[in-house]
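Work through these exercises with the predicted model open. Try each task before reading its solution.

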Amino acid sequence: MVFIRSILFKSLEHTKISKMSLTWRRLHWSIRLHGMRLTVSKMAARILERFGVPTAESLADSVMLFDRRFHVSTAGDVDTQSLNLSPQVREHAVEYTPSCPIELAVLFEHLNVTPSKRVFIDFGCGKGLVTLVATQFPFLSVVGVEYSDELCRLAQENVRKLRSLNPSSPDVSIWKGDAREYPLPDFPLVLYFYNPFDGVVMTEIIARLADSLVKVPRDCLVIYRNPVHRRILDEDVRFRSRQLPSLFSNRFAVYDWQSS
Ligand SMILES: C[S@@+](CC[C@H](N)C(=O)[O-])C[C@H]1O[C@@H](n2cnc3c(N)ncnc32)[C@H](O)[C@@H]1O
């Protein structure tokens, strides 16, 4: 009985500590990506909200605060009809919606995405928000893959602005074209997908990825946000699903490639 209680206690303590440390990490990344002033006003807004007082600041989301801090423009959804996509791409594409920068940075840190030099690739990078967040980590290089001319132009402009603020950040490039044709580099990889396309394109890309990893064995981490088509990865035993804290597990699926 005492033994069971001590095990239970230990696991509860561990949950408390990891929740606490995730809260601290959120605060740390909020200060880094939103700035001190906006972080404090956001916290004040949260407190007011708890008492039922909505404020303009509390309504502004993390993406807008990130844009303000780094003088970039990544906020605002864009539907596929407004983008100049070819019919073969539009048929399978999902509209542009940006990821949440704080959530992403905390997750990257939790996953220890850069234990060694790796190339980061965002499939369907839109206005480039995720590539910009990735520059905060010591990747070998960062690539955004995007089909839409207009979104590529905005992503390039955003990358140029961020790099002018921080010239020593990792090299970032935007590759324009259909993600199905992107030639994967022979380096260890971290791949990010924010539900950019339907199951047809996802199946094709995961099959090409697996072929490339068999041909040139290397580490590969796949981060899939809003993993609508996760079945494709779950059914391939070479991709091992990682256990995530509950903060992330309902929005993300993460896989490590098992090179045998
Ligand atoms: C949900 S948004 C994700 C944006 C970004 N990754 C983020 O998390 O902030 C999906 C993006 O995928 C792009 N996309 C869809 N199909 C594509 C394809 N076949 N090749 C390249 N980009 C594509 C869309 O234009 C859109 O910008």
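Three exercises follow, on a helix, a strand and a core.

**Exercise 1.** Work out what end-to-end span helix α9 (residues 199–215) should have, and which residues of α9 are buried.

*Solution.*
- Start with the length. Helix α9 has 17 residues, and at 1.5 Å a residue they should span 24 Å. Its end C-alpha atoms lie 24 Å apart, which agrees.
- Next, burial. Val 201, Met 202, Ile 205, Ile 206 and Leu 209 are buried. Seen down the axis of α9, these buried residues fall within an arc of 125 degrees, so they line one face of the helix.
- The general rule: an α-helix has 3.6 residues a turn, so residues three or four places apart point the same way.
- Check the other side of α9. Exposed there are Gly 199, Val 200, Ala 207, Asp 211, Val 214 and Lys 215.
- Finally, the packing. The buried residues of α9 pack against β1 (119–123) and α10 (231–234).

**Exercise 2.** Decide whether strand β5 (residues 220–225) is enclosed or open, and find its pairing with β4.

*Solution.*
- Count burial. Six of the six residues of β5 are buried, so the strand is largely enclosed by the rest of the structure.
- Sort directions. Cys 220, Val 222 and Tyr 224 point one way from β5, while Leu 221, Ile 223 and Arg 225 point the other way.
- Find the partner. Six bridges join β4 (residues 189–194) to β5, and the two run parallel. Tyr 192 has Ile 223 as its bridge partner in β5.

**Exercise 3.** Locate the largest nonpolar core relative to the domains.

*Solution.*
- The core has 64 residues; among those touching the most other members are Phe 123, Tyr 192 and Ile 223.
- Domain 1 (2–60) and domain 2 (73–257) both give residues to this core, so it lies between them.

Key: Residues numbered from 1 in each chain as written. Predicted model: local features only at pLDDT ≥ 70, side-chain atom pairs only at ≥ 80, totals over all residues. Helix = DSSP H or I, 4+ residues; strand = E, 2+ residues; numbered from the N terminus. Expected span 1.5 Å × (residues − 1). Buried ≥ 20, exposed ≤ 12 C-beta atoms within 10 Å, placed from the backbone. Arc of directions from axis to C-beta. Contact = placed C-beta atoms within 7 Å. Core = buried A, V, L, I, M, F, W, Y, C linked by C-beta atoms within 7 Å. Domains from an automatic or database assignment. Pairing = 2+ DSSP bridges.
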